[in-house]
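Hello,

Here is the structure we talked about. Please open it first, then read my notes below.

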Amino acid sequence: MNNQTESHHSVINKASLIQEEENVFQLLIEGIQDYGIFMLSPTGEIATWNQGARNLKGYTAEEIIGRHFSVFYTQQALVENFPQYELEEAIKHGRFEDEGWRVKKDGSTFWANVIITPVYNSKKEHIGFSKVTRDLSLRKKSEDDLFRSLVDLKESEERFRLMIEGVKDYAIFMLDPAGNVATWNEGARKIKGYEAKEIIGKHFSKFYGKEAVDEGYPQYELEQAVELGRFEDEGWRIRKDGSTFWANVIITAIYNSKNELIGFSKITRNLTEKKQLEEQLYRANEELRESEERARLLIDGVKDYAIFMLSPEGYIATWNAGAERIKGYKAKEVIGRHFSMFYNREGMENGFPQYELGQAKKNGRFEDEGWRIRKDGSAIWVNVVITPVYNEVGRLLGYTKITRDLSERRKNEELMLKNRELLKINTDLDNFVYTASHDLKAPIANIEGLVTLLKDEMGTAAVDHQDVLDRIDHSIIRLQKVISDLTEITKVQQDESAVEEVDIEMLYEEIKEGLSEQINNCQACLIAEFTEHKLLKYSRKNLRSILYNLISNAVKYATPGIEPEIKVKTELIHPDTLLLSVSDNGLGIDRSQQGKIFSMFKRVHHHVEGSGIGLYIVKRILENSGDRIEVESKVGKGSTFKVYFKLK
């Protein structure tokens, strides 16, 4: 029996350890933001999705899980059935690596490095694939620029191709908060040379040279990752056998659900071949003086975004992915055509494209904002910078043309203009409300006097019409209350009350005393907690209005037959934010009505006397001071009003 119990405990402990390792691995994968890492089913449907995949592809997990991974491929790749070919090659060779164009959710493309690895369970049954994707668009552009300038260097081109094909896996592992290695994957073993049992528990500074360790560089990397969320670097690292390699390193701080630092994810990639090839290419490029000068001037001449080159006559010579996204054309559709194709009919008839080139040549650059036409015929508002490019002997080689889509900024400017118009209308309405409420006071006073005179004239006959007369009196009182409320709203909207340090507890006691009759009538129980924070720099008059309205509403909208319980509390939820909450066990507010209760004259419970002005005034006071109010409520259970004050 004891042996069985011990065996049972051993199984439970092992299961717990496995679960703990799975949780750590899940946190590691989820914390990686620079690589898309996800699982595919055996037939290619997406089964998992990490934050890096969301950043890279643009899809949320809810949008993409269950869909086939071919959604990321271009139309040409789909026609060639390339996604299925990748899976077959991964099964055949144990892994598949490729670089090529992939498609994001918004339809834009990026140059990606992809590694697909088949995954088997303990029974050697194929259960799916792991897929690692990284955006190499910037590197692709740099490579393309180098290849264009070295188109005749066959040997260099071949070395560059071999470099791309020779890129291997990634070392992906976890560090604890102190920098000790906590997990170790196969890629790390291949790159670093250590087995898991040799390195787990050791400090990751083992991978750095003595000089870097003496300077505290490993610790500096961790500190930067904590401060900035992530740290990326390239430099020399050391393998187990003492050899060095050039590595790209990304360290990301990992936090749990309580925002506690639990460690770091570390991704290392061997870029030694790439670094060597880049040095060879740059050395070879020194012999191509004109090409070097053209490339340098192209880079130096571009101030914003280099998008494409024009010939001296204005014909398109190069085309990048950004141009494709903005203009809508593929490279093969525009290269060799005149750039005037992007201008509207009026611009072309006025010769504006040629004018731009002339001004750029005359003044050294030309900048403009205006409408341009996309492939689909739609218009976009853009900023354009055109810069002439010369070689070392002063010969014009062409122009760089930078285009930036400012449609969103223009839209925001138009919205700001509309907002100013709405503000003017709102001010006019406020003035109207004030004028109307002021001008109505005299007629209502006259009506009240005439009714009094009528009662005197009727004498004893007034008794026969007492019900009608009472209704008239009640209507006059309500009309006077509406006018008073309108006047109060105008005062709130124009309020510039002085700020002072207010004792919330003393103010609460004052309000409680003022509402004592209503509180006693319904036998309400009021509970106050001001122990954490009870001083606030605010307009005393306005704070009293806020607290008075919230407490009086809690008393007014109590559930019949149930003794009201009202709790007023302050708590410091952030060093610069004070939360004042008023909770009750009253009637509650239906979810569909909660967004309306802060509007003018909007009431939920019409069986209770009220004007629908109180909460509107509270909201306007808070908006004027830059603060806010929220409500949480459930019908039959009660409501909690939360007021958030920014501490000045």
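**Salt bridges**

Asp-233 and Arg-237 join their side chains in a salt bridge, at 3.4 Å from N to O. This is a predicted model, so please read every contact below in that light. Buried or exposed, where does Asp-233 fall? Asp-233 is buried, because its relative accessible area is 17% and the cut-off for buried is under 20%. Arg-237 is buried too, at 3% relative accessibility.

The whole structure holds 30 salt bridges. Another of them pairs the side chains of Arg-544 and Glu-510, at 3.1 Å from N to O. Arg-544 sits in helix α22 (residues 540–556) and Glu-510 in helix α20 (residues 504–514), so this contact ties together parts 34 residues apart in sequence. Both ends are partly exposed: Arg-544 has 28% relative accessibility, and Glu-510 has 34%.

Glu-529 and Lys-567 also form a salt bridge, and their closest N and O atoms are 3.3 Å apart. Here the link is between strands. Glu-529 belongs to β14 (residues 525–529) and Lys-567 to β16 (residues 565–574), so the pair ties together parts that are 38 residues apart in sequence. Glu-529 is partly exposed at 31% relative accessible area. Lys-567 is partly exposed as well, at 33%.

There is also a network. Asp-34, Arg-134, Arg-230 and Glu-232 are joined into one by salt bridges that share partners.

**Aromatic pairs**

The count of aromatic pairs comes to 30. One of them is Phe-352 with Phe-366, an edge-to-face pair. The ring centres are 6.3 Å apart and the planes stand at 70°. This pair links distant parts of the chain, with the two positions 14 residues apart in numbering: Phe-352 is in helix α17 (residues 352–363) and Phe-366 in strand β10 (residues 366–373). Phe-352 is partly exposed, with 26% relative accessibility. Phe-366 is buried, with 11% relative accessible area.

Tyr-538 and Phe-645 make an edge-to-face pair too, at 5.1 Å centre to centre and 75° between the planes. Tyr-538 lies in strand β15 (residues 535–538) and Phe-645 in strand β19, so the pair ties together parts 107 residues apart in sequence. Both rings are buried: Tyr-538 is at 5% relative accessibility, and Phe-645 is at 1%.

Which residues make up the aromatic cluster with Phe-339? Tyr-343, Phe-352, Tyr-355 and Phe-366 join Phe-339 in one cluster.

**Strand β19 and its partners**

Why call β19 largely enclosed? Eight of the nine residues in this strand (residues 638–646) are buried, so the rest of the structure largely encloses β19.

β19 has an antiparallel pairing with strand β17 (residues 577–583), over seven bridges. Within that pairing, Val-582 has Phe-641 of β19 as its bridge partner. Strand β18 (residues 628–634) also runs antiparallel to β19, and seven bridges join the two. Ser-633 is bridged to Ser-639 in β19. β18 and β19 form a hairpin, with three residues between the strands. In that turn, Gly-636 has a positive phi of about 85°.

**Helix α23**

Helix α23 covers residues 614–624. Eight of its 11 residues are buried, so the helix is largely enclosed by the rest of the structure. The buried set is Gly-614, Leu-615, Tyr-616, Ile-617, Val-618, Arg-620, Ile-621 and Leu-622. Just after the helix comes Gly-626, with a positive phi of about 80°.

**Surface and cysteines**

Val-226, Tyr-255 and Leu-261 form a nonpolar surface patch. Together they offer about 210 Å² of accessible area. Leu-261 is in strand β8 (residues 261–270). Leu-261 is partly exposed, at 31% relative accessible area.

How many disulfides turn up in a search of the whole structure? The search finds zero. As for individual cysteines, Cys-522 is partly exposed at 26% relative accessibility. Cys-525 is partly exposed too, with a relative accessible area of 30%.

Best regards

Key. Residues numbered from 1 in each chain as written. Heavy atoms only, no water. Patch = residues over 30% accessible without salt bridge, like charges linked within 9 Å, V, L, I, M, F, W, Y side chains within 5 Å. Areas by Shrake-Rupley, 256 points an atom, 1.4 Å probe, with all protein chains shown as cover. Salt bridge = Lys/Arg side-chain N within 4 Å of Asp/Glu carboxyl O. Helix = DSSP H or I, 4+ residues; strand = E, 2+ residues; numbered from the N terminus. Buried < 20%, exposed > 50% of the residue type's maximum accessible area, 1.4 Å probe, protein only. Pairing = 2+ DSSP bridges. Disulfide = S-S within 2.5 Å. Phe/Tyr/Trp six-rings, centres within 6.5 Å; stacked < 30°, edge-to-face > 60°.
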